[in-house]
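Please open the structure in a viewer and keep the sequence panel visible beside it. The tour below proceeds by selections, each followed by a description of what is found there.

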Amino acid sequence: MKPLPIRWKISAGTAAVTGASLLVFSIGSLFSFYAGQAEIADLAIHAESARIGHTHKADAFGGGWQIHDTPGQPMVLYYLVQEEDHRINGPTMVPHEIIAKALASRRPRTFSSPGGYWRAYSFNVGTRPVVVAYELVEVQEQLIELLAAFSVTMPLAIILTAVAGWIVAGRVLAPVREATEAARGIGAQALTKRLPKTSANDEIGQLTDVINDMLDRLEKGLRQAERFAADASHELRTPLTIMKGEIEGLLSLPDLPVRIEEKLVSQQEEISRLDHITERLLLLARLDAGAYTPGRQTVDFSTLVAGACEDVELLTSSRGLAMTTRVEPGCRVSGDSILLRRVVLNLLDNAAKFSPAGGSLTCTLAHESPWVRLTVSNSGPGIPEGERERIFERFYRTDEARVRAGYGLGLSLCQEIVRAHGGQIQLEEPGQRDETAFTVMLPSLPEDAD
């Protein structure tokens, strides 16, 4: 599940806190209002009870019920006296179940009946129980009105808080978004760019300063490494050329012993290998530094790929490999034909090199607007899962590649060349068959482009 953006989290968090606070406040207000009304009812009940006890005596009720209802007042009080046989002699507004519950309680309490809620209290005048009841109709209505008001105002307050949190979070995080967009444009070829500084000296401004300082150090270290690689590669080429020439001169001497000749040939191969590595390192260093810009002439990529396949087909036939070529005509790209041919040959050479004897190799070129898609695949066990992520690292070779000729620079060089042409290269996920497939995507030129 994709995590929510910080702006959403802040907005949702403020809304949740506001909602919880308003809920607690509403519940507390309702209970406080009810407790206050119950206290007012209890004071009225006790006052009426005292008046009844002071006015009447135990024998003042005679042998029947004394019922006194006072309807029509804001706080309606009722009292009655029970006969010895527990019968009610006369009409009363107090429900009988309320009377029974109050007689059993002997303290002010709230009781419910089908008709509503009552606050009732029973006490004795002499030996006669008396019930004083207070109808909570108005209290119940006011509680319902408060509950309705809270049910309307709470959602509105939560929505307003969420909107306010969204707006405030947007303004607070605006420098972060600007820094994020600026950071996306910073790469090995654009290390001179920096994150925009904020006017406020807050945590975001301090973080921006720290990141810019770190970028300064990274740029300095990378430039030093690039200069070292370029200078070292350049300086190595001269002595290697001299050594290669001298060995060729020695090999041309007459009557050279066979053993010495074999040693010289071996040294010549090693020098050629070093020269090849140096040349690749020099090209990589120039690509990294942005000092090498590929040409932007129109390249007939279909013809280039078809020619490279013909050249590699000689190698595949000698090893018994079945090569399949499917090249769609008319695929054109903008770039350096020499470098692009190097990419194609490198991929084909790797595919042929790591295919088992009697295996197969496939090269497919197709136009997928707005791209040109080149896929080179070969049969075989494929690249182990743990090594797939590191396949484009420089000087990295799989266990199988270590026992074959190679320097671990071919794929990384292909990646840099493809990137310099605005494209991308990737190792495809293995399908049902055991195979290794590399795909190159390059921006396609329209047919009417010059």
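Accessible areas come from the Shrake-Rupley method, which uses a 1.4 Å probe. For the protein chain, the accessible surface comes to about 26,200 Å², and carbon and sulfur atoms account for 58% of it. The model on display is predicted.

**The whole chain**

Begin with the full protein chain in a cartoon view. Its secondary structure consists of ten helices and twelve strands. Of its 450 residues, 37% are buried. Among contacts with a separation of 6 or more, 64% are made by residues 24 or more positions apart.

**A nonpolar patch on the surface**

Select Leu 4, Trp 8, Ile 159, Val 163, Trp 166 and Ile 167, and show their side chains. Together these residues form a nonpolar patch on the surface, with about 570 Å² of accessible area. Which helix supplies the largest share of the patch? It is helix H3 (residues 137–184), which contributes four residues. Trp 8, in turn, has its place in helix H1 (residues 6–55). This tryptophan counts as partly exposed because its relative accessibility is 48%.

**Along helix H1 to a salt bridge**

Remain on helix H1 and select Asp 42, which is found there. Is Asp 42 buried or exposed? Its relative accessible area is 15%, so Asp 42 is buried. Leaving out residues up to four places away in sequence, Asp 42 touches Pro 108 and Arg 119. With Arg 119 it forms a salt bridge, in which the closest N and O atoms are 2.8 Å apart. This pair links distant parts of the chain, since Asp 42 belongs to helix H1 and Arg 119 to strand E4 (residues 116–125), 77 residues apart. Arg 119 is buried, as is Asp 42.

**Helix H2**

Next select Glu 97, which is found in helix H2 (residues 96–105). Glu 97 counts as partly exposed because its relative accessibility is 33%. Apart from its neighbours within four places in sequence, Glu 97 is in contact with Ser 113 and Pro 114. Measure in the viewer from C-alpha to C-alpha: Glu 97 and Pro 114 lie 9.8 Å apart in space and 17 residues apart in sequence.

**Helices H6, H7 and H10**

Two packed helices are described by the angle between their axes and by the distance between those axes. Select helix H6 (residues 301–318) together with H7; they pack at an angle of about 35°, and their axes are 10 Å apart. The crossing of H6 and H7 is right-handed. Residues of H6 that meet H7 include Phe 301, Leu 304 and Asp 311, while those on the H7 side include Leu 340, Arg 341 and Asp 349.

Within this pair, display the side chains of Arg 341 and Asp 311, which meet in a salt bridge (2.3 Å, N to O). Because Arg 341 lies in helix H7 and Asp 311 in helix H6, the pair ties together parts that are 30 residues apart in sequence. Arg 341 counts as partly exposed at 30% relative accessibility, and Asp 311 counts as partly exposed at 40%.

Now move along H7 to Lys 353 and Asp 349, whose side chains also meet in a salt bridge (3.5 Å, N to O). About one helical turn separates them, because they are four residues apart in helix H7.

Add helix H10 (residues 410–420) to the selection with helix H7 (residues 337–353); their axes come within 10 Å and cross at roughly 145°. This crossing is left-handed. Among the residues making the contact are Leu 339, Val 343 and Leu 347 of H7, and Leu 411, Cys 414 and Ile 417 of H10.

**A cis peptide bond and the segment after E12**

Most peptide bonds are trans. Select Ser 369 and Pro 370, which a cis peptide bond joins, with omega about 5°. Pro 370 is in the loop between strand E9 (360–368) and strand E10 (371–379).

Finally, select Ser 444, in the segment after strand E12 (435–443). With a relative accessible area of 17%, Ser 444 is buried. Which residues does Ser 444 touch, not counting those up to four places away in sequence? They are Arg 332, His 367, Pro 370, Trp 371 and Val 372. Ser 444 and Arg 373 are 71 residues apart in sequence, yet their C-alpha atoms are 9.1 Å apart in space.

Notes:
Residues are numbered from 1 along each chain as its sequence is written. This is a predicted model: local features need pLDDT of at least 70, side-chain atom pairs count only at pLDDT 80 or more; totals for chains, interfaces and linings use all residues. Side-chain values use heavy atoms; hydrogens and water are left out. Patches are made of residues with over 30% relative accessible area and no salt bridge: like charges are joined within 9 Å, nonpolar side chains (Val, Leu, Ile, Met, Phe, Trp, Tyr) within 5 Å. A salt bridge is a side-chain nitrogen of Lys or Arg within 4 Å of a carboxyl oxygen of Asp or Glu. Helices (H or I, at least four residues) and strands (E, at least two) are DSSP runs, numbered from the N terminus. Buried means under 20% relative accessible area, exposed over 50%, partly exposed in between (1.4 Å probe, protein chains only). Contact means heavy atoms within 4.5 Å. Axes are lines fitted to C-alpha atoms, for helices over the stretch in contact, and angles run from 0 to 180 degrees between N-to-C directions. A crossing is left-handed if the near helix is turned anticlockwise from the far one by less than a right angle, and right-handed if clockwise.
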